[in-house]
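Student: Please pick one part of this model and take me through it closely. I would like the side-chain pairs, the burial and the packing in one connected account.

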Amino acid sequence: INQIVREEWGFDGFVVSDCGAIGDGAFTRYIQQTYPQNNQTIQQYQQARQAIQGGCDTNCGGFYNDHLEPSVQNGIATEDDVDRASKRLWRAAIELGKLDTNPPSYYT
């Protein structure tokens, strides 16, 4: 995502995973093969790190909720990774007026 979408195409918005994609079977197998020496918990932290460092700012589902904070606490992902993603998400919320006193309604 970072190399093609952000660097080559110049996209500066936020990226959301497909629902369940970060914790799906294919990505899980890739991590297990890449880090066979680590237990399942550490492998899940590594999945969260690879996703956020790769440019996925938030995920559809609960994978980041369950594994990103412990990944940072265990020194696998970094606070800088989370800050970078958070800034893109907050910027979009501000640009859309979601933090305004009377935010616009896009449904009326």
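Tutor: What follows starts with the charged pairs of one helix and works inward from there. This is a predicted model, in which local features need pLDDT of at least 70 and side-chain atom pairs count only at pLDDT 80 or more, while totals for chains, interfaces and linings use all residues. Residues are numbered from 1 along each chain as its sequence is written, and side-chain values use heavy atoms, with hydrogens and water left out.

The part chosen is helix α5, residues 79-95; helices here are DSSP runs of H or I with at least four residues, strands are runs of E with at least two, and both are numbered from the N terminus. Four salt bridges turn up in the whole structure, a salt bridge being a side-chain nitrogen of Lys or Arg within 4 Å of a carboxyl oxygen of Asp or Glu. In general, side chains of opposite charge can pair when their charged atoms come close.

One of these bridges joins D57 to R88, with the closest N and O atoms 2.7 Å apart. D57 sits in the loop between α3 and α4 and R88 in helix α5, so this pair links distant parts of the chain, 31 residues apart. Burial is judged by relative accessible area: under 20% is buried, over 50% is exposed, and values in between are partly exposed (1.4 Å probe, protein chains only). D57 counts as buried because its relative accessibility is 4%. R88 is also buried, at 13%. R6 belongs to this group as well, as R6, D57 and R88 are linked in a network of salt bridges.

Two further bridges lie within α5. R84 and D81 pair at 2.9 Å, N to O, and they are separated by about one helical turn because they are three residues apart in α5. D81 is buried, with a relative accessible area of 5%, whereas R84 is partly exposed at 42%. R91 and E95 pair at 3.9 Å, N to O; these two are four residues apart in α5, which again means about one helical turn. R91 is partly exposed at 33%, and E95 is exposed at 62%. An α-helix has 3.6 residues a turn, so residues three or four places apart point the same way.

Helix α5 also holds W90, which counts as exposed because its relative accessibility is 51%. W90, I94 and L99 make a nonpolar surface patch of about 350 Å². Patch members have over 30% relative accessible area and no salt bridge; like charges are joined within 9 Å, and nonpolar side chains (Val, Leu, Ile, Met, Phe, Trp, Tyr) within 5 Å. The areas come from the Shrake-Rupley method with a 1.4 Å probe, and for residues only the protein chains shown count as cover.

Turning inward, D81 comes up again through I52. Leaving out residues up to four places away in sequence, I52 touches Y64, L68, D81, V82 and A85, where contact means heavy atoms within 4.5 Å. I52, Y64 and L68 are among the residues with the most contacts inside the largest nonpolar core, which has 13 residues. Such a core is a set of buried Ala, Val, Leu, Ile, Met, Phe, Trp, Tyr and Cys residues joined through side-chain atoms within 4.5 Å. Helices α2 (25-34), α3 (40-53) and α4 (63-73) each supply at least two residues of this core.

Helix α4 is the next neighbour to look at: its buried residues pack against α3 and α5. The buried residues in α4 are F63, Y64, H67, L68, P70 and S71. H67 counts as buried because its relative accessibility is 12%. Apart from neighbours within four places in sequence, H67 is in contact with Q44, Y45 and A48. Q73, also in α4, is exposed, with a relative accessible area of 58%. Q73 lies 28 residues from Y45 in sequence and 9.9 Å from Y45 in space, C-alpha to C-alpha. Just after α4, G75 takes a positive phi of about 75°.
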